[in-house]
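Please look through the sequence and the model shown below before reading on. The report then takes up a few features in turn, beginning with the cysteines.

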Amino acid sequence: MRKEINNLTKIENIIDFKKDISKEDEIFKKLMFIYSIAIKELKTKIEILQEESKIFYNYELIDHITTRIKTPESIINKMRKKEYDFTYKEMINNINDIAGIRIICPLKKDIFTIKNLIENLSGVNILKEKDYVTKPKKTGYSSYHLIVEIPINLSKEIIYVKVEIQIRTLAMDFWANLEHKTRYKPEHKVDKNVSKELEKCAKIIDTLDNQMMLLKNF
Ligand code: 0O2
């Protein structure tokens, strides 16, 4: 029998909206549970695309997928940096990457194929896109970002949850991971020369990615 979906809701409707954030309280734990379910659901959908590409087209479209829930410390730091009030309302509405999925692919062109496939997934709404592949950040950072919203079935309601998807090549991932450690979240300011070197490395990575695409028989 077909079930009518009439209990769709937003995550903010099931929590005390104006309450201050505390990583010790029940609300925080419930929220993190909901975000972790969203990651599981979306990861499964992406794994299906990964397998389909291998089995149907004999092509490794996706090298690997990683996931993470943002730590409470990282959420708080970001909210402080962006000067948001420390309420759940502000957190849910403005911190879009509490749940994060990273898709690592072999070639630059794969990024756009994956993005198109995700855009066509049923039940996945695209809220925001950032193309740092065509237009890398000043730092040299390159990746394709999607903020999506997916419905999560709980026992009493269906809740829409936001997830950030980052799509990048193996080479971009190598650069971003090293740069993240050395510069992106420094305890103190990083040397100007280091920044310059990192920018140069990002250009080399881009040249490498472009050359890899020219190789035949991939
Ligand atoms: P972490 O520790 O990786 O989680 P928005 O409000 O969405 O417009 P936001 O979230 O700052 O603003 O958007 P942006 O610029 O798309 O950055 C989101 C995430 O992309 C970051 O999350 C990083 O993961 C990654 N990122 C962005 N810029 C850089 C960069 O220059 N270097 C590296 N290595 N990663 C970058 P967080 O929460 O900042 O950090």
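## Cysteines

C201 counts as partly exposed, since its relative accessibility is 34% and the partly exposed class runs between 20% and 50% relative accessible area. C105, by contrast, is buried, with a relative accessible area of 0%. A search for disulfides across the whole structure, which is a predicted model, returns zero.

## Overall architecture

The chain contains six helices and six strands, and when these elements are read along the sequence they follow the pattern β-α-β-α-α-β-α-β-β-β-α-α. Taken along the principal axes, the C-alpha atoms of the chain fill a box of roughly 50 × 50 × 25 Å.

The chain has 218 residues, of which 40% count as buried. Among the contacts in the chain with a separation of 6 or more, 66% are accounted for by residues 24 or more positions apart.

## Aromatic pairs

How many aromatic pairs does a search of the whole structure find? The search finds three aromatic pairs, and two of them are described here, beginning with F56 and Y57, whose ring centres are 6.2 Å apart and whose planes stand at 45 degrees, so that this pair is tilted. Both F56 and Y57 are exposed.

The rings of Y132 and Y141 have centres 5.8 Å apart and planes at 65 degrees, so this pair is classed as edge-to-face, given that planes over 60 degrees apart fall into that class. Both Y132 and Y141 are buried, whereas F56 and Y57 are exposed.

## Residues with positive phi

N58 is not a glycine, yet it has a positive phi of about 55 degrees. This residue lies in the loop between helix 1 (26-57) and strand 2 (64-69), where N58 is exposed, with a relative accessible area of 73%.

E83 is likewise not a glycine and has a positive phi of about 60 degrees. The loop that holds E83 runs between helix 2 (72-81) and helix 3 (88-94), and E83 is exposed, with a relative accessible area of 70%.

## The second largest pocket

The second largest pocket has a volume of about 200 Å³. Its lining is made up of 14 residues, and those that lie nearest the centre of the pocket are P136, G140, A202, K203 and D206.

Which helices each supply at least two residues of the lining of the second largest pocket? Helix 5 (170-184) and helix 6 (192-214) each do so, and helix 6 provides the largest share of that lining, namely six residues. Sorted by class, the lining of the second largest pocket comprises five nonpolar, three polar and six charged residues.

Definitions and conventions: Residues are numbered from 1 along each chain as its sequence is written. This is a predicted model: local features need pLDDT of at least 70, side-chain atom pairs count only at pLDDT 80 or more; totals for chains, interfaces and linings use all residues. Side-chain values use heavy atoms; hydrogens and water are left out. Rings of Phe, Tyr and Trp (its six-membered ring) pair if their centres lie within 6.5 Å; planes under 30 degrees apart count as stacked, over 60 as edge-to-face and the rest as tilted. Buried means under 20% relative accessible area, exposed over 50%, partly exposed in between (1.4 Å probe, protein chains only). On a 1 Å grid over the protein atoms alone, a cavity is a set of points where a 1.4 Å probe fits but cannot get out, and a pocket is an open set with protein on both sides within 12 Å along at least five of seven lines; lining residues have an atom within 4 Å of a point. Grid points are joined across faces, edges and corners, and a volume is the space filled by probe spheres set on the points. Helices (H or I, at least four residues) and strands (E, at least two) are DSSP runs, numbered from the N terminus. Ala, Val, Leu, Ile, Met, Phe, Trp, Tyr, Cys and Pro count as nonpolar, Asp, Glu, Lys and Arg as charged, and the others, Gly among them, as polar. A disulfide is a pair of cysteine sulfur atoms within 2.5 Å. Contact means heavy atoms within 4.5 Å.
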